[in-house]
Amino acid sequence: MEEVRIDTANPTPEDSQQSVRDSQLCFKINHTMPYTEEYNALIKELFVDGIGEGSRIMSPITVVRAKNVKIGKNVVIMNNCLMMSAGGITIEDNVLVGANSQLISNNHDLYQRSIITCKPVHLKSNCWIGAGSTILPGITIGKNAVVGAGSVVTKDVPDDCIAVGNPAKVIKKIPY
């Protein structure tokens with residue numbers, strides 16, 4: 001997977017406008033009554049129609065570069081989720097993301113801190129991300145996989161597996 005590098009010290013006018021837009025929309029969402037038409041319209045606007053039917057996102061939420069997030073159908077993202085999505089975040093259908101989780105597709109260069117290094121995060125269908133988990137750049141969580149609460153995922157999790165810990169390790173295959 002190819003790493004993309006972005007110089008945050010020299011943002012394009014479009015990047016600056018996008019940053020302001022996302023920050024203001026997150027603020028509005030976080031101060032609007034959930035389960036209302038206004039709330040749903042703000043969520044749809046934030047994700048630029050990149051959110052599937054039946055998906056639910058609970059506030060508060062923080063999203064940076066929301067245009068890089070694609071959310072499938074019937075996804076549930078619980079309260080206080082952070083999405084750092086410069087590298088792209090794809091969430092397939094029927095995914096559960098627990099409260100206080102972080103989906104992070106970018107990091108800072110070790111030597112040039114204004115440079116962010118970006119790799120996509122991919123949550124495959126029917127996976128479950130436990131509360132308080134962190135998914136790091138370049139990680140794919142497989143179909144039907146489970147990430148235990150509080151885990152820090154530094155390596156891909158295969159389909160039908162349970163991974164837990166810091167760093168997360170696969171502890172078992174889910175029997176079907």
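How many disulfides does the structure hold? The structure, a predicted model, holds zero disulfides. The legends below treat the cysteines, two open sheets and one serine in turn.

**View 1. Cys 26 and Cys 127 are both without a disulfide partner.** A disulfide is a covalent bond between the sulfur atoms of two cysteines. For Cys 26, the closest cysteine sulfur belongs to Cys 81 and is 10 Å away, which is too far for a bond. Cys 127 is likewise in no disulfide, the nearest cysteine sulfur, again that of Cys 81, being 12 Å away. Cys 26 has a relative accessible area of 6% and is therefore buried. The relative accessible area of Cys 127 is 1%, so Cys 127 also counts as buried.

**View 2. Four strands form an open sheet with parallel pairing.** The order of the strands in this sheet is 4-7-12-15. Strand 4 (69–71) and strand 15 (140–141) occupy the edges; each has a single partner strand, so one side of each is left without a neighbour in the sheet. Strand 7, residues 89–91, runs parallel to strand 12, residues 121–123, and three bridges join the two. Within strand 12, Leu 123 is the residue that stands opposite Ile 91.

**View 3. Three strands form an open sheet with antiparallel pairing.** Here the strand order is 1-11-10. Strand 1 (4–7) and strand 10 (106–108) are the edge strands, and each of them pairs on one side only. From one strand to the next, the twist averages 30°. Three bridges connect strand 10 with strand 11, residues 115–118, in the antiparallel sense. His 108 has Ile 116 of strand 11 as its bridge partner.

**View 4. Ser 133 is a buried residue in a loop.** The loop that contains Ser 133 lies between strand 13 (128–129) and strand 14 (134–135). Ser 133 counts as buried because its relative accessibility is 0%, below the 20% cut-off for that class. A polar atom of the Ser 133 side chain lies 3.0 Å from the backbone oxygen of Gly 148. Neighbours within four places in sequence aside, the residues in contact with Ser 133 include Asn 100, Ser 101 and Gln 102. Also in contact with Ser 133 are Val 147, Gly 148, Ala 149, Gly 150 and Ser 151. Gly 148 thus appears twice in this view: among the contacts of Ser 133, and through its backbone oxygen, 3.0 Å from a polar atom of the serine side chain.

Conventions
Residues numbered from 1 in each chain as written. Predicted model: local features only at pLDDT ≥ 70, side-chain atom pairs only at ≥ 80, totals over all residues. Heavy atoms only, no water. Buried < 20%, exposed > 50% of the residue type's maximum accessible area, 1.4 Å probe, protein only. Polar contact = N/O pair within 3.5 Å; in protein donor to acceptor, adjacent residues only side chain to side chain. Contact = heavy atoms within 4.5 Å. Pairing = 2+ DSSP bridges. Axes fitted to C-alpha atoms, helices over the stretch in contact; angles between N-to-C directions. Disulfide = S-S within 2.5 Å.
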